[in-house]
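Work through the following exercises with the structure open beside the text. Each task is followed by a solution that goes step by step.

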Amino acid sequence: MKMKLNQQRIDNVTAVLFEKAGVALNNKNEMGIYIDKAEINLPISLKSVGALGKELILIVMLIRDYIKGDYRDVSVKSILMVATVILYFASPIDIIPDFLISVGVLDDVYILKIVLDQVGGELDKYRLWLK
């Protein structure tokens, strides 16, 4: 029962952020502010989680290039998902508080993994574009 409630909370939080992401993507300055906040809020432990941390950095680079107009070869669905994960990290909303040292980043990893599973191919295209 507890896991079901947590999944429902994750679904509720991501649905709200997904909607906000759609609005923010239409405002370059607003999205830029969210990106800056996300970079500040990213847990150091998450940035250092090997391949996952590298993908997170790539997501930040992708959204920056997208809002600048330098890179647009990405589907609307994928850029919305990327923007949603950025808003998640920028917002004070946390499914599991990060101050709970051993488990606080689990929700961050979970949300990031969901997005990476959905946009992995888009990130591969972006990685090639960067070269």
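In these exercises, buried means under 20% relative accessible area, exposed means over 50%, and partly exposed lies in between, with a 1.4 Å probe and protein chains only as cover. The model is predicted, so that local features need pLDDT of at least 70 and side-chain atom pairs count only at pLDDT 80 or more, while totals for chains, interfaces and linings use all residues. Residues are numbered from 1 along each chain as its sequence is written, and side-chain values use heavy atoms, with hydrogens and water left out.

**Exercise 1. Describe the overall make-up of the chain.**

Step one is to list the elements, where helices (H or I, at least four residues) and strands (E, at least two) are DSSP runs numbered from the N terminus. The chain has 6 helices and 0 strands, and read from the N terminus its order is α-α-α-α-α-α.

Step two turns to burial: 41% of the 131 residues count as buried.

Step three concerns contacts, meaning heavy atoms within 4.5 Å. Of the contacts between residues at least 6 apart in sequence, 73% join residues at least 24 apart.

**Exercise 2. Follow the salt bridges of Arg64 and Lys68.**

Begin with the rule, by which a salt bridge is a side-chain nitrogen of Lys or Arg within 4 Å of a carboxyl oxygen of Asp or Glu. The count under this rule is 9 salt bridges.

Next, take Arg64, whose salt bridge with Glu39 has its closest N and O atoms 2.7 Å apart. This pair links distant parts of the chain, since Arg64 belongs to helix 4 and Glu39 to helix 2 (residues 28-41), 25 residues apart. Glu39 counts as partly exposed because its relative accessibility is 33%, and Arg64 is likewise partly exposed, at 28%. Asp36 joins Glu39 and Arg64 in a network of salt bridges.

Then move to Lys68, which forms a salt bridge with Asp65, the closest N and O atoms being 3.5 Å apart. Because the two residues are 3 apart in helix 4, about one helical turn separates Lys68 from Asp65. Lys68 counts as exposed at 51% relative accessibility, whereas Asp65 counts as buried at 11%. Lys68 also meets Asp70 in a salt bridge (3.6 Å, N to O), and Asp70 is partly exposed, with a relative accessible area of 45%.

**Exercise 3. Which helices supply at least two residues each of the lining of the largest pocket, and is Thr84 buried or exposed?**

First, a pocket is an open set of points on a 1 Å grid over the protein atoms alone, where a 1.4 Å probe fits, with protein on both sides within 12 Å along at least five of seven lines; lining residues have an atom within 4 Å of a point. The largest pocket has a volume of about 170 Å³, a volume being the space filled by probe spheres set on the points, which are joined across faces, edges and corners.

Second, helix 1 (2-24), helix 5 (76-90) and helix 6 each supply at least two lining residues, and helix 1 gives the largest share, 5 residues. Among the lining residues are Phe18, Thr84 and Ile111.

Third, Thr84 lies in helix 5 and is buried, because its relative accessible area is 9%. Leaving out residues up to four places away in sequence, Thr84 touches Thr14, Leu17, Phe18 and Ala21.
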